[in-house]
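I set out to record what I looked up in this structure, entry by entry. The notes follow the order in which I took up each topic.

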Amino acid sequence: MQPAWFHVENEADIPSPALLFYRKRIEHNLALMLQIAGDPKRLRPHVKTHKTAEIMAMQIRLGITRFKTSTIAEAEMCAAVGATDVLLAMPCVGINAHRLADLAAKFPDTQFSSIADAEETITFLASAAQQHNVTLGVYIEIDCGMGRTGIVPSDEAAMLAHVLKDTPRLQFCGIHAYDGHIHDDSLDVRRERCDAAFESVLQFRCRLQGEGIIVKELVAGGSPTFGIHATYPDRTLSPGTTVLWDFGYGDKYPADLPFQPAAVLLTRVISKPGKNRITLDLGHKSVAPENPHPRVRFEELPDATVVMQSEEHLVLETERAHEFTIGQALHGIPRHVCPTVSMHGEAYVIDGFKTTERWPITARNRLITV
């Protein structure tokens, strides 16, 4: 009988709790991303999900050379691996503007850009670029309904674009619009909401072009709306979770986004405190704790009920508790993989049912060298 996909023959050598990356599943997900996008040049994947240089190298070998990041460390990792174009999708203020300019000086073969939704942010970026004698790209961050960062399409937004166009050492690159508030289960509802949210974004782009401003790129959406934006050839696509996937998205989008969970948490039974209970060494220091339980779904025990979770422990209730022995391993898929990965310093790579190597989570830390 073929072993279960999550089986690891030499898992006795892996200390728990541990993060496992399944290489073949990552390859499957990358191939599906390319299939949906149609062309690697349309992709600007977000690296915040995996923060791993080796996964970036896999993407580059497939012809994906532009990336999106959330931190300076992620941007540095991208450049060090060979990315040609890196967009830091966070407003760069204070010393972070100087750190971005530092990166531009350190990696002259990589184009670095950031986002702005206010004149103050533009001032920070312009000052840093001038002091470091580099040119930084800037995208206008448009709020298409999420209300987190960005400016609504308006006269003020158009004025910012003109300010950017005329600011020395800054290059206006286009528009960034993230629709993270759109994550409905129904594809039809998602598509309707996505199209409605981007109507004003597209009108704003037309306005800028009519005023003589070249909008080279529209970076649109995340993972839930990836397939929707892909149907419009005028947009750059920036999914992130699609590389590793999780059951939070997997449960919601099995039909139109059939990606495979490629990251698993290895944990072990450390106690059996009473009838129908087992305790695992998987506390909320090892799996993203911001969601309600279940925060992780166990392949061997999908119907278990969470009794409690603390920093290092997870207590489950199940009528099958008698089937499990102390020291036995379980394999869990996180609900939210992005912050889960950042809790681990490295991932054990599983290839052919064996762990073959370990990959550091390179950009887990906020600082690499800059």
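The entries below concern a predicted model.

**Entry 1. Helix α2 and its surroundings**

I began with helix α2, which covers residues 53-61. I asked which of the residues of α2 are buried. I found Ala 53, Ile 55, Met 56, Met 58 and Gln 59. I then looked up what these buried residues pack against, and the list comprises β1 (18-22), α1 (23-37), β2 (66-69), α3 (72-81) and β16 (354-360). I also noted that Gly 63 follows α2 and has a positive phi, near 95°.

**Entry 2. α1 against α2**

I recorded that two packed helices are described by the angle between their axes and the distance between the axes. For α1 and α2, I noted that the axes come within 11 Å and cross at roughly 45°. That angle makes α1 oblique to α2, and I entered the crossing as right-handed. On the α1 side, I listed Ile 26, Glu 27, Leu 30 and Met 33, which meet Ile 55, Met 58 and Gln 59 of α2. By residue class, I have this contact as 5 nonpolar, 1 polar and 1 charged.

**Entry 3. α3 against α4**

I next turned to α3 and helix α4 (residues 95-106), which pack at an angle of about 5° with their axes 10 Å apart. I therefore described α3 and α4 as roughly parallel to each other. The contact involves Ile 72, Ala 75 and Glu 76 from α3, and Asn 96, Arg 99, Leu 100, Leu 103 and Lys 106 from α4. I recorded its composition as 4 nonpolar, 1 polar and 3 charged.

**Entry 4. Nonpolar cores**

How many residues does the largest nonpolar core have? I found 102, and the residues with the most contacts inside this core are Phe 21, Ile 26, Phe 112, Leu 136 and Leu 244. Apart from it I noted another core, of 13 residues, including Ile 14, Ala 18, Phe 247 and Tyr 348.

I followed Leu 244 further. Leaving aside neighbours within four places in sequence, Leu 244 is in contact with Phe 21, Ile 26, Asn 29, Thr 49, His 50, Ile 55, Gln 260, Pro 261, Ala 262, Ala 263, Val 337 and Val 341. I marked Ile 26 and Ile 55 in that list, since the two also appear in the contact of α1 with α2.

**Entry 5. Arg 44**

Is Arg 44 buried or exposed? I found this residue in the loop between α1 and α2, and Arg 44 is buried, with a relative accessible area of 0%. Not counting residues up to four places away in sequence, I listed its contacts as Arg 66, Phe 67, Lys 68, Asp 85, Val 86, Leu 87, Tyr 139, Glu 217, Val 219, Thr 236, Leu 237 and Ser 238. I also noted 36 Å between the C-alpha atoms of Arg 44 and Asp 281, which are 237 residues apart along the chain.

**Entry 6. Thr 121 and Glu 192**

I located Thr 121 in helix α5 (residues 119-132). Thr 121 is buried, at a relative accessible area of 6%. With residues up to four places away in sequence not counted, Thr 121 touches Pro 91, Cys 92, Val 93, Ile 115 and Ala 116.

I located Glu 192 in helix α7 (residues 187-210). Glu 192 is exposed, because its relative accessible area of 59% lies over 50%. I closed by noting that 38 Å separates the C-alpha atoms of Glu 192 and His 344, 152 residues apart along the chain.

Technical notes. Residues are numbered from 1 along each chain as its sequence is written. This is a predicted model: local features need pLDDT of at least 70, side-chain atom pairs count only at pLDDT 80 or more; totals for chains, interfaces and linings use all residues. Side-chain values use heavy atoms; hydrogens and water are left out. Buried means under 20% relative accessible area, exposed over 50%, partly exposed in between (1.4 Å probe, protein chains only). Helices (H or I, at least four residues) and strands (E, at least two) are DSSP runs, numbered from the N terminus. Contact means heavy atoms within 4.5 Å. A nonpolar core is a set of buried Ala, Val, Leu, Ile, Met, Phe, Trp, Tyr and Cys residues joined through side-chain atoms within 4.5 Å. Axes are lines fitted to C-alpha atoms, for helices over the stretch in contact, and angles run from 0 to 180 degrees between N-to-C directions. Angles under 35 degrees count as roughly parallel, over 145 as roughly antiparallel, 65 to 115 as roughly perpendicular and the rest as oblique. A crossing is left-handed if the near helix is turned anticlockwise from the far one by less than a right angle, and right-handed if clockwise. Ala, Val, Leu, Ile, Met, Phe, Trp, Tyr, Cys and Pro count as nonpolar, Asp, Glu, Lys and Arg as charged, and the others, Gly among them, as polar.
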